[in-house]
Amino acid sequence: AIRNSEVKFDKANISNSCKDFILQLLDKSKHTRLGAGGVDEIKAHPWLNNVDWDGILKKEVAAPYDPKVEYMPDTHYFDSEFTKNKVLRHISYFTK
């Protein structure tokens, strides 16, 4: 749908800066999409102004949300729209 439709923020309770960030990431043109010029382009977006990139790199910044995983692979935080499909690769493929 994103490739063919406009992104709408119906009653979304997010800032204009966040909306701009999302829209630039979803730009249909790979040449003008946010990040086309490299990761520093993404990191420089105003919505990410308060991110401590050095602290993240040094693992000094706590995650804003820490989901409690009860078992591997626990998917209860994901909408069933994404979990009802057949698994193409087992999780062990990604944890080698």
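**Close-ups of a predicted model**

**View 1. Asp74 and its polar partners.** The side chain of Asp74 gets to within 2.9 Å of the backbone nitrogen of Glu70. This is a predicted model, and the same goes for the views that follow. A second polar contact, 2.7 Å long, links the side chain of Asp74 to that of His76. As for where we are in the chain, Asp74 sits in the loop between helix 3 and helix 4. Setting aside residues up to four places away in sequence, Asp74 touches Lys68 and Val69.

**View 2. Asp74 again, this time for its cover and its charge.** Is Asp74 buried or exposed? With a relative accessible area of 9%, Asp74 is buried, because the cut-off for buried is under 20%. Which side chain of opposite charge is nearest to Asp74, and how far away is it? That would be Lys68, at 11 Å, and Asp74 has no salt bridge. Side chains of opposite charge can pair when their charged atoms come close. For a salt bridge the limit is 4 Å between a side-chain nitrogen of Lys or Arg and a carboxyl oxygen of Asp or Glu. Lys68 does touch Asp74, but the two don't make a salt bridge, as Asp74 has none.

**View 3. Lys68 and the salt bridge it does form.** Lys68 pairs with Asp66, and their closest N and O atoms are 3.4 Å apart. How covered are these two residues? Lys68 is exposed, at a relative accessible area of 53%. Asp66 counts as exposed as well, at 52% relative accessibility. Compare that with Asp74, which is buried.

**View 4. A salt bridge within helix 2.** How many salt bridges are there? The count comes to two, and one of them joins Asp40 to Lys43, with 4.0 Å between the closest N and O atoms. Both Asp40 and Lys43 belong to helix 2 (residues 39-43). They are three residues apart, about one turn of the helix. Asp40 counts as exposed at 55% relative accessibility, while Lys43, at 30%, counts as partly exposed.

**View 5. Tyr65 and Tyr77, an edge-to-face pair.** The structure holds two aromatic pairs. In one of them, the ring centres of Tyr65 and Tyr77 are 6.2 Å apart and the ring planes meet at 80°, so the pair counts as edge-to-face. Tyr65 and Tyr77 both lie in the loop between helix 3 (53-57) and helix 4 (80-83), so the pair ties together parts that are 12 residues apart in sequence. Tyr65 counts as exposed, with 53% relative accessibility. Tyr77 comes in at 40% and counts as partly exposed.

**View 6. His45, tucked under its neighbours.** Here we move to the loop between helix 2 and helix 3, where His45 lies. At just 4% relative accessibility, His45 counts as buried. Which side chain makes a polar contact with the side chain of His45? That partner is Asp20, at 2.7 Å. Neighbours within four places in sequence aside, His45 is in contact with Ser17, Asp20, Phe21, Gln24 and Leu34. Asp20 therefore turns up twice, in the polar contact and in the list of residues around His45.

**View 7. Stepping back to the whole chain.** The protein has four helices and zero strands, running α-α-α-α from the N terminus on. How much of the protein is buried? Of its 96 residues, 7% count as buried; His45 and Asp74 are among the buried residues. Among contacts with a separation of 6 or more, 27% are between residues 24 or more positions apart. The exposed area is about 8,900 Å², and carbon and sulfur atoms supply 54% of it.

Definitions and conventions
Residues are numbered from 1 along each chain as its sequence is written. This is a predicted model: local features need pLDDT of at least 70, side-chain atom pairs count only at pLDDT 80 or more; totals for chains, interfaces and linings use all residues. Side-chain values use heavy atoms; hydrogens and water are left out. Rings of Phe, Tyr and Trp (its six-membered ring) pair if their centres lie within 6.5 Å; planes under 30 degrees apart count as stacked, over 60 as edge-to-face and the rest as tilted. Helices (H or I, at least four residues) and strands (E, at least two) are DSSP runs, numbered from the N terminus. Buried means under 20% relative accessible area, exposed over 50%, partly exposed in between (1.4 Å probe, protein chains only). Contact means heavy atoms within 4.5 Å. A polar contact is a pair of N or O atoms within 3.5 Å; within protein, one must be able to donate a hydrogen and the other to accept it, and residues adjacent in sequence count only if both atoms are side-chain atoms. Accessible areas come from the Shrake-Rupley method with a 1.4 Å probe; for residues, only the protein chains shown count as cover. Lys and Arg count as positive and Asp and Glu as negative; His and the chain ends are not counted.
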